[in-house]
Amino acid sequence: MAASGGKDTVVVPRNFRVLEELEKARSGYGDGTISLGLERNDDMTMSHWQAMILGPPGTTYDNRMYSLRIHAGENYPREAPAVRFLTKINLEGVDSQGKVNTSNFINWNYNCSIYMLLDQIRKSMRNPRNKKSSQPPDGATY
Amino acid sequence: MAGGLPRRIIKETQRLMAEPVPGIKAVPDEGNARYFHVIVEGPAESPFEGGTFKLELFLPEEYPMSAPKVRFMTKIYHPNIDKLGRICLDILKDKWSPALQIRTVLLSIQALLSAPNPDDPLENDVAEQWKVNEAQAIATAKQWTKMYATRG
């Protein structure tokens, strides 16, 4: 219940929140370096997503396309989505199986979105610690 | 009870509970008074007859200045409802008016089940099927009702 004492705190339920994100994703984000959508267009639970990140110029990730698979569970967005790289990558916060450790990239809370997390992942590619790290062959997958 | 819930929402909820729309059950979520769990019975003499359809309804912060958000959670074969359960209904979009209510919305959804409108489609292939071969479309809708909207 409303913790802020008497104020009507509006909490958007999971499914409507996810629909909002989906609609934003359909209309596209900014420069198109991140794209995002459902894996299957009849997934009524709207849990299984896929994304593509284009590596930022001036980094070792430049001109590479990274596919990711995302699972937004029942408790999303209270709980962060599970994100996994399908394309091999050497990036701090991504383990040897491609699994993303969310807390490396974002301090997750209810107001965060899948896109915000992906955006932070992409920004981290520009981080001096990452931008020159050696990479697996282009297009290799886990 | 959430302290600052607008009076209008409290009032509407009370009325919905006291005088429910026949064939429709709408219950506010325990943790979120703006979120309703809805069950709609498929109207008699429609391809959805005998089915019980789960929907969810949410009153956004701007309500009643903007429309409630509603979605089918049960799979349904209908030209105005898409694969994710989103509903193409004018009063949920540009024809919304603050004079309408949750009750009106639920009645309109029930009416949409009775009278599918393939000329104002959302789900293109379903609408197409409905126009090209209505008998086949109705048969499919009945089959889906049995498969997805009938409790075992």
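## The sheet in chain B

In this predicted model, strand β1 of chain B (residues 24–28) pairs with β2(B) in the antiparallel sense, with 5 bridges between them. The two strands make a hairpin, and 6 residues sit between β1(B) and β2(B). If you want one rung to look at, take B:Ile24: its bridge partner in β2(B) is B:Val40.

β2(B) also pairs with β3(B), again in the antiparallel sense, and here the count is 7 bridges. Which residue of β3(B) stands opposite B:Val40? That's B:Phe53.

## Helix α1 of chain A

Over in chain A, helix α1 covers residues 14–27. How far apart are its end C-alpha atoms? They are 20 Å apart, and that agrees with the expected span, because 14 residues at 1.5 Å a residue should also come to 20 Å. Right after α1(A) comes A:Gly28, with a positive phi near 90°.

The buried residues of α1(A) are A:Arg14, A:Asn15, A:Phe16, A:Arg17, A:Val18, A:Leu19, A:Glu21, A:Leu22 and A:Ala25. What covers them comes from both chains: chain A contributes β1 (34–38), β2 (48–54) and α2 (114–124), among others, while the chain B part includes β2 (35–41), β3 (52–58) and β4 (69–72). So the cover over α1(A) includes β2(B) and β3(B), the pair joined by 7 bridges.

## The annotated stretch

An unreviewed UniProt entry puts "domain: UBC core" at residues 13–142 of chain A. In the model, that span is 19% helix and 18% strand, and its end C-alpha atoms lie 34 Å apart.

Notes:
Residues are numbered from 1 along each chain as its sequence is written. Chains are lettered from A and ligands numbered from 1 in the order in which they are written. This is a predicted model: local features need pLDDT of at least 70, side-chain atom pairs count only at pLDDT 80 or more; totals for chains, interfaces and linings use all residues. Side-chain values use heavy atoms; hydrogens and water are left out. Helices (H or I, at least four residues) and strands (E, at least two) are DSSP runs, numbered from the N terminus. The expected span of a helix is 1.5 Å times one less than its number of residues. Buried means under 20% relative accessible area, exposed over 50%, partly exposed in between (1.4 Å probe, protein chains only). Contact means heavy atoms within 4.5 Å. Two strands pair if DSSP finds at least two bridges between them. UniProt positions are given in the numbering used here, feature names are shortened, and annotations may be inferred rather than shown by experiment.
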